[in-house]
Amino acid sequence: MAPLRISFLIRSVYDILRSNANLVRWRKKDDPTCPLCQGRQTTEHVRSSCEVALSQGRYTWRHNRVLQELASVISATEGEIHPSSMSSTVFTTEGGVKKWHGG
Ligand SMILES: [Zn+2]
């Protein structure tokens with residue numbers, strides 16, 4: 001994973017992205033308002049709670065971009081995974097019974 005993506009992920013998990021709410025908390029800005037909906041722009045709000053972003057399809061666009069990236073990676077590695085490499089895979093069922101696939 002690219003370093004910038006890892007950095008974004010970590011800052012997102014620990015809620016230290018530059019959302020307007022955090023900028024107010026850090027005394028870098030006076031107004032925590034979301035420019036799209038006028039709600040309080042927290043990290044969670046930016047990621048999944050803004051009604052305007054939802055109505056404009058922005059979350060769907062982001063979701064589809066992630067899927068495109070995954071499809072690209074899967075296509076690039078297609079053929080690199082051989083069934084014989086799965087011969088020692090152990091699966092554990094909900095009841096704890098182990099089943100072996102292959103081998
Ligand atoms: Zn909003």
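**Figure 1. Overview of the predicted chain.** Residues 24 or more positions apart account for 8% of the contacts in the chain with a separation of 6 or more, a contact being a pair of heavy atoms within 4.5 Å. The structure is a predicted model, in which local features need pLDDT of at least 70 and side-chain atom pairs count only at pLDDT 80 or more, whereas totals for chains, interfaces and linings use all residues. Residues are numbered from 1 along each chain as its sequence is written, and side-chain values use heavy atoms, with hydrogens and water left out. The secondary structure comprises five helices and two strands, arranged along the sequence in the pattern α-α-α-α-α-β-β. Helices (H or I, at least four residues) and strands (E, at least two) are DSSP runs, numbered from the N terminus. Of the 103 residues of the chain, 14% count as buried. Buried denotes under 20% relative accessible area, exposed over 50%, and partly exposed the range in between, with a 1.4 Å probe and protein chains only.

**Figure 2. The zinc site.** The zinc ion has as its protein donors Cys34 (SG), Cys37 (SG), His45 (NE2) and Cys50 (SG), at 2.1 to 2.4 Å. Donors are N, O and S atoms within 2.8 Å of the metal (3.2 Å for Na, K and Ca); water is not among the atoms, so sites may look incomplete. Along the sequence, the spacing of the donor residues is C-x2-C-x7-H-x4-C. The arrangement is tetrahedral because the four donor atoms subtend angles of 96 to 118° around the zinc ion. For four donors, this class requires all angles to lie between 85 and 135 degrees. The ideal angle for four tetrahedral donors is 109.5 degrees. Among the donor residues, Cys37 is partly exposed, with a relative accessible area of 27%, whereas His45 is buried at 10%.

**Figure 3. The largest pocket.** The largest pocket has a volume of about 730 Å³. A pocket is defined on a 1 Å grid over the protein atoms alone, as an open set of points where a 1.4 Å probe fits, with protein on both sides within 12 Å along at least five of seven lines; lining residues have an atom within 4 Å of a point. Grid points are joined across faces, edges and corners, and a volume is the space filled by probe spheres set on the points. The lining of the largest pocket consists of 16 residues, of which Arg5, Phe8, Leu9, Arg62 and Val66 lie nearest its centre. Two or more lining residues come from each of helix H1 (3–13), helix H3 (43–49) and helix H5 (58–77). Helix H5 gives the most, with five residues. By residue class, the lining of the largest pocket has seven nonpolar, three polar and six charged members. Here Ala, Val, Leu, Ile, Met, Phe, Trp, Tyr, Cys and Pro count as nonpolar, Asp, Glu, Lys and Arg as charged, and the others, Gly among them, as polar.

**Figure 4. The second largest pocket.** About 150 Å³ of space lies in the second largest pocket. Its lining residues include Pro35, Leu36, Gln41, Val46, Ala53, Arg58, Tyr59 and Arg62. The zinc donors Cys34, His45 and Cys50 also belong to this lining. Helices H3 and H5 are the elements that give two or more residues to the lining of the second largest pocket, and H5 gives the most, with three. The lining of this pocket divides into seven nonpolar, two polar and two charged residues.

**Figure 5. Buried asparagines of helix H2.** Asn22 lies in helix H2 (residues 20–25), as does Asn20. Asn22 counts as buried at 3% relative accessibility, and Asn20 is buried with a relative accessible area of 8%. Not counting residues up to four places away in sequence, Asn22 touches Asp15, Ile16, Leu17 and Thr43. With the equivalent exclusion, Asn20 touches Lys29, Asp31, Pro32, Thr33, Pro35 and Gln41. The C-alpha atoms of Asn20 and Thr33, 13 residues apart along the chain, are separated by 6.6 Å.

**Figure 6. Positive phi in the loop between H2 and H3.** Arg27 is found in the loop between H2 and H3, as is Gln38. Phi of Arg27 is near 60°, a positive value in a residue other than glycine. Gln38, likewise not a glycine, has a positive phi of about 70°. Arg27 is exposed, with a relative accessible area of 77%, and Gln38 counts as exposed at 56% relative accessibility.

Technical notes:
Tetrahedral: all angles 85-135°; square planar, octahedral: opposite > 155°, others 65-115°.
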